[in-house]
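Q: Please take a close look at one helix pair in this model. How do the two helices pack, and which residues meet?

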Amino acid sequence: MKMMWIRTLSVLAVVSPFFCLMMLAACSTLNSEPRTDPEPVAPSQVSDFGTLYAQNCAGCHGAEGRGGASFALANPVYLAIVDETTMHNIVANGVRGTSMPAFVQGAGGMLTEQQVEAITSGIVSRWGHKQVIDGANPPSYAAKAAGNADHGQLAFRTYCASCHGSEGRGTPKGSAITNDSFLALVSDQGLRTIVIAGRPELGAPDWRGNVPRQPMTDQEITDVVAWLVSRRAQNPGQPYSAMSEAQHSEK
Ligand code: HEC
Ligand code: HEC
């Protein structure tokens, strides 16, 4: 009995390394066999523009950037005036006081810096074409000077009232844009962006198209935005405004 045990053990001791090797070989052949299902990719490893855009942005900015609850990102005028670093920072950190979320992990989002980069450079390379503003002397993306709300009111009558009404309360050709519910949720830059780039997907003209052959000057744009912002500040009873929210939460 005792002998038998020793025999069995010694046989096992000799055989088992081979046995193990065989198992390993079997396992590795299994692994290298072609698989029908693609390996699941960790969310932070997704680098394909189409997937990243569809999963994170399309819900508000529309499939293929054509617009939805928020404006179309596939707006070549917009993409010609904004620089890529600015866009990257907006996507990374969001716009305070509006529904535009922060996407980068360091700011509470779910994406890596590389993914934010893949999205912004993809938007510019796919949907931008700078020639749209050739020879147009475009206004600067950000305001260069302080706006004058009184001048802005005059500019509004000239350039905007035909569609939005003289007080901005809306007409059949353009919606109300001086009411609480609109102004409370849009940033000052958001207003400027729309005035410059329009919302072509909804028939809103860019800064050149409000009055035929009379593009708005940079200062007129700044002033119109100042007037709209002054309407926001004067509207009583609104819960908060994008502007004051941004100031309060500034570190
Ligand atoms: C929940 C809705 C929502 C989602 C999701 C969203 N956005 Fe936005 N986004 C907005 C709103 C609203 C604004 C306008 C904010 C303002 O008033 O300035 C905005 C503004 C922007 C702007 C700035 C425009 C400017 O004035 O220069 C960029 C760029 C942008 N979004 C890109 C993206 C990208 C890229 C994604 C996906 C990674 C995304 N957004 C996801 C709602 C959203
Ligand atoms: C030819 C008509 C027309 C003119 C002129 C015009 N707009 Fe518009 N605007 C529109 C349309 C159409 C829309 C998109 C649909 C809507 O909101 O009514 C729009 C949208 C907007 C929006 C966004 C509203 C939203 O809900 O997202 C703002 C802000 C705006 N216009 C401001 C202006 C300002 C400021 C001017 C003058 C500098 C101006 N518009 C001139 C037709 C016009």
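A: What follows covers the helix pair, with a note on confidence before it.

This is a predicted model: local features need pLDDT of at least 70, side-chain atom pairs count only at pLDDT 80 or more, and totals for chains, interfaces and linings use all residues. Residues are numbered from 1 along each chain as its sequence is written, while chains are lettered from A and ligands numbered from 1 in the order in which they are written.

The chain has a mean pLDDT of 86 (the predictor's confidence in each residue, from 0 to 100). In all, 78% of its residues reach 70 or more. Residues 18-29 fall below 50.

Now the pair. Helix H5 spans residues 84-93, and helix H6 spans residues 113-127. Helices here are DSSP runs (H or I, at least four residues), numbered from the N terminus. H5 and H6 pack at an angle of about 135°. Their axes lie 9 Å apart. Axes are lines fitted to C-alpha atoms over the stretch in contact, and angles run from 0 to 180 degrees between N-to-C directions. H5 is therefore oblique to H6. Angles under 35 degrees count as roughly parallel, over 145 as roughly antiparallel, 65 to 115 as roughly perpendicular and the rest as oblique. The crossing of H5 and H6 is right-handed (the near helix is turned clockwise from the far one by less than a right angle).

From H5 come Glu 84, Met 87, His 88, Val 91 and Ala 92. They meet Val 116, Glu 117, Ile 119, Thr 120, Ser 121 and Val 124 in H6. Contact means C-beta atoms, placed from the backbone, within 7 Å.

Note on methods:
Two residues are in contact if their C-beta atoms, placed from the backbone, lie within 7 Å. Helices (H or I, at least four residues) and strands (E, at least two) are DSSP runs, numbered from the N terminus.
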